[in-house]
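Me: Please take a close look at the surfaces through which the copies of the chain meet. I would value a connected account that also covers the division within one chain and one residue of interest.

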Protein chains: 4
Amino acid sequence: MGYVLGAHQYGKAETRVVRIYRHADQHLIRDLKVSTSLRGDFADAYLSGDQASVLPTDSQKNTAYAFALERGVTDIESYALALARHFADEIEPVRGARVDVDEYQWERVRVAGDEHPHAFVRAGQEVRTTSIAVEGRGHEQRAWILSGLRDLVLLKSTGSEFAGFLRDRYTTLAETDDRVLATSLTARWRHMRPEGDWDALHASIRQVLIEQFATVHSRALQQSLWEMGQAVLAAREEIAEIRLSAPNRHHFLVDLSPFGLTNRGEVFHADDRPYGLIQCAVQRDDAPPAGPAWDAPHSFAG
Amino acid sequence: MGYVLGAHQYGKAETRVVRIYRHADQHLIRDLKVSTSLRGDFADAYLSGDQASVLPTDSQKNTAYAFALERGVTDIESYALALARHFADEIEPVRGARVDVDEYQWERVRVAGDEHPHAFVRAGQEVRTTSIAVEGRGHEQRAWILSGLRDLVLLKSTGSEFAGFLRDRYTTLAETDDRVLATSLTARWRHMRPEGDWDALHASIRQVLIEQFATVHSRALQQSLWEMGQAVLAAREEIAEIRLSAPNRHHFLVDLSPFGLTNRGEVFHADDRPYGLIQCAVQRDDAPPAGPAWDAPHSFAG
Amino acid sequence: MGYVLGAHQYGKAETRVVRIYRHADQHLIRDLKVSTSLRGDFADAYLSGDQASVLPTDSQKNTAYAFALERGVTDIESYALALARHFADEIEPVRGARVDVDEYQWERVRVAGDEHPHAFVRAGQEVRTTSIAVEGRGHEQRAWILSGLRDLVLLKSTGSEFAGFLRDRYTTLAETDDRVLATSLTARWRHMRPEGDWDALHASIRQVLIEQFATVHSRALQQSLWEMGQAVLAAREEIAEIRLSAPNRHHFLVDLSPFGLTNRGEVFHADDRPYGLIQCAVQRDDAPPAGPAWDAPHSFAG
Amino acid sequence: MGYVLGAHQYGKAETRVVRIYRHADQHLIRDLKVSTSLRGDFADAYLSGDQASVLPTDSQKNTAYAFALERGVTDIESYALALARHFADEIEPVRGARVDVDEYQWERVRVAGDEHPHAFVRAGQEVRTTSIAVEGRGHEQRAWILSGLRDLVLLKSTGSEFAGFLRDRYTTLAETDDRVLATSLTARWRHMRPEGDWDALHASIRQVLIEQFATVHSRALQQSLWEMGQAVLAAREEIAEIRLSAPNRHHFLVDLSPFGLTNRGEVFHADDRPYGLIQCAVQRDDAPPAGPAWDAPHSFAG
């Protein structure tokens, strides 16, 4: 009986790349957190400490910066795809490359109603994401593209109920036909093909998600998520699958009756923990296989 | 020689109060983090463990919820002022009360261009703040009102230089006539009087700060802060003093010359730490005394 | 063409359970963060909003508290296993249950050298973890047990080099034969069988990991991880596989030569981001299949 | 009427300095976060953007690194004091300097029971702190030294009650004669003189605080804090004043009666927010004035 090296990968995480386009009339800004990860013939580095096949993570960082200038960052999907293809094509021991990018959004400052050409204010905590997986090189190369968002915080103050659920001996929850429903949405969608008008597509999918959350009368967060996912697939044929992960951020009605007050859904305690966590995938019945698309480095060790 | 009890205070921190106004046509939401702190004749609780003069922090929390219904939260300043006055007036051992409120902003969801009546999306990480100090009761009661904001993240991609500075034997920094200037602004302003149109005032001061950051050609962050503070006082006679605390979030130009590339201010590394920290107060020369306005509980132990 | 519900699961995350054993001579404390997640026949909740098969996440939370009393928390693995088996056995629509537990460690306070019977001090930021997956019920039920740790921060101030690596056009890194090596280790190991002396096993594996990190002369973090994993398998036949995820927390030698000083590996800048991220699995060549062991809810959406 | 520049200061925050002593038999490590802040004749930088009197924050960072080598870090108090005195003595426009240092603790790894010479494990989340204020130069220079700790998490599972408190119309809290008492202590103490055996003093004061927390039967957290502070002054004549800031981290007894279970102080919910916050100073009746000792930059803007 012996021991074997199982799955392994390495890379540079959280390189903070800011790309400024200094156009004559106004500047553009792309503000990124870039993580790269390589798989391939790196066993010697583990088994004997021989680094001859190991491109330093420092070089990966340098490449992320250099590509931001050479290749540019017109959108995060095509930037990340170019970076992943570069590692798969140019670095001999690499069999697969993964690039994850978070983008922080900025809005232009308005001065007396007009957009300022080079001053910006951060638009919020919401993050736009992409995850690119590339395997092989040349004609045999394949790519999987995920786009998404994280920390999109949504709340509806009515139009949500929760009733008719299964009860066991540990169930004490009362049914309700009117509650606050709030979440901090993580969504990722997988594209049919590695090409598209990525900025426009992201904006339209984000809008579909928000509109569905708002307008679906929710019998449970599960139902809201299904309707949101289904609506995205209905709206955009470019999307093969969407995955939604939604904490149920509980807002508890505060009992004010000891103080002679009647609380008719007006004062709530927003609790931190615990929270419900509801997750689902919605996909086309003819969606192509997902391959390594969902294998993120942050989930490697469970 | 003996030991004496010095300054002391106690309260309930970070009560998460959400107030919904269920108007017929649309809901309104006020999402708050409320901290209350009392000073007064509480020495026995320390010296002998006698709690007879101590209103439990749990009761302070209950009061925060009850006031959200009874008194309402039309704006955080008047809600917090009412709460602080209540403690000073109604709880016998209290000599001074302080209420700090953070407000998280929500925007209405738009569906097909129209505002949805009861669905909201979080507007960003920026927080609106107020800090109220009240001393005494009845006719002798005095109140100090601070309003402010935190985590307002601003960046300008040009229009900032840093040169002509003092040099010592540890100085290696190169001068620059064009750099990225970025900060996450904390600002608090002290009002002349404990009354005002708080929402409108906050919006106008926030806009003055942003416009000045954008339009002042910055010879240093110090200068930008002074111009921002001065402009607030010039615009709003209601304000006695403003304090600004601004980390200088360094964006370092990446040297791409080893790769045969010339980086003309287009690719930057956004560094986390260390950061510069620039702070100043700007005040009217006839500003009334600040009293306990700036003594926040979080700074008690230095 | 239609849309289908893909993978889906739901549960209660981050329930903070503290269990005190009030023994006559001294108290014991188990301080847990418990997350439960259920898979099964829940499609109706998504597709039509029918909750008849959905055990509320609130009931899952209640069960976590009740089991802490009824079943007890002698160790996190057997507590979590009992909880997961309960959901799989007793809740009819459940096909698979997953329970993740983090445990925060406390040490006894020492007073004049002796252990105090009921006063404790938190032992550090390191977290002990377990993840249990159970599928099926009764005789066909199967269970997979992961144990682990997170945020074990290790540093060696010499005995680490990095040289002989692959170079490409973006490589500028200098080789080094003496550097600081620091990481914040996440490790999880999969057990051969769902039974064991969990506390003793955890302690011994933790010690093996630390000793190997210390004593292996590191030609790269990859090599250190392999040696650490291999040593665990060699020491404990109960373990089928171990996965290690290790950020390389860079400590950069500060160039003090502009100040006439020679820095011989004595002063470093500890950088936050970016960081290298090295990951590998080490397993027995006859390890049983991992099944759903590594499918954590937090990685569901990539 | 005009506007004036009020209080102002600037510096470099959160420089991460790691100092290794490479002794022949074993290495020592000092792992610091250093923040420096200068006050003085810097008005021109604000008012006109003239930087001629401004030592760059980058130079302050360089000085922190250089002093770690030249001056060494035998303990954080003398390192920080040397740094503060340097700025006050050597940089002409400086009238006052403040240096705040956090130290992260490391323990030696044990291999087969013996201490390893150059491998370390982080000792916990607790942080040792110092804050030095220096004013003036040469013979007229004065210095104030604070030492302290932060994030010392303590819990006692019995020996704590809370009863006999003041009740108002918003009070619903039940009295209790046996509860869990938990806190994450921040303590800072002010020294009589700017000299001492800092490491030994810190260890002994930390131990007094912990022992008192454990052994005092607590009628309220207020009483525990007073006894802890008083005991420090009684034990160490070097200390003029101590300030304690203690969140009351609530552990709520879970009601298990709906499940037919009796919870006799064995299962608790550890809540995150809100929390009580109790703060007090204990000082000698002949303590020298505190001067600027407690004026931390982080509290500048309230």
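**The contact surfaces**

Reply: The copies B and C meet through the same surface, because 100% of the interface residues of chain C are also interface residues in chain B. Here two residues are in contact if their C-beta atoms, placed from the backbone, lie within 7 Å. The model is predicted, so local features need pLDDT of at least 70 and side-chain atom pairs count only at pLDDT 80 or more, while totals for chains, interfaces and linings use all residues. Residues are numbered from 1 along each chain as its sequence is written, and chains are lettered from A and ligands numbered from 1 in the order in which they are written.

The geometry of this pair comes next. Chain C is superposed on chain B by a rotation of 180 degrees with 0.0 Å of shift along its axis, at an RMSD of 0.0 Å. The two copies are thus related as by a two-fold rotation axis. The superposition is by least squares on the C-alpha atoms of residues with pLDDT of at least 70 in both copies. Within chain C, the residue that comes closest to the rotation axis is Asp272(C), with its C-alpha at 3.5 Å.

Chains B and D form a further pair. A turn of 180 degrees and a shift of 0.0 Å along the axis lay chain B on chain D with an RMSD of 0.0 Å. In chain B, Ser299(B) has the C-alpha nearest this axis, 2.7 Å from it. The same surface again serves both copies, since 100% of the contact residues of chain B recur in chain D.

In this contact, 84 residues of chain B meet 84 residues of chain D. Among the elements of chain B that give two or more residues to its side are β1 (3-22), α2 (57-70), α5 (221-235) and β10 (275-284). These elements are DSSP runs numbered from the N terminus: helices (H or I, at least four residues) and strands (E, at least two). The greatest contribution to the side of chain B that touches chain D is that of β1(B), with 14 residues. By class, that side holds 41 nonpolar, 28 polar and 15 charged residues; Ala, Val, Leu, Ile, Met, Phe, Trp, Tyr, Cys and Pro count as nonpolar, Asp, Glu, Lys and Arg as charged, and the others, Gly among them, as polar.

Strand β1(B) also pairs with strand β10 (residues 275-284) of chain D, in the antiparallel sense and over nine bridges. Pairing requires that DSSP find at least two bridges between the strands. Within this pairing, His8(B) has Cys280(D) of β10(D) as its bridge partner.

Within a single chain, chain A is divided into domain 1 (1-140) and domain 2 (150-302), with bounds from an automatic or database domain assignment. Their C-alpha centres lie 28 Å apart, and the contact takes 18 residues from domain 1 of chain A and 13 residues from domain 2 of chain A.

Finally, Arg110(B) lies in strand β3 (residues 94-111) of chain B. Not counting residues up to four places away in sequence, Arg110(B) touches Glu115(B) and His116(B).
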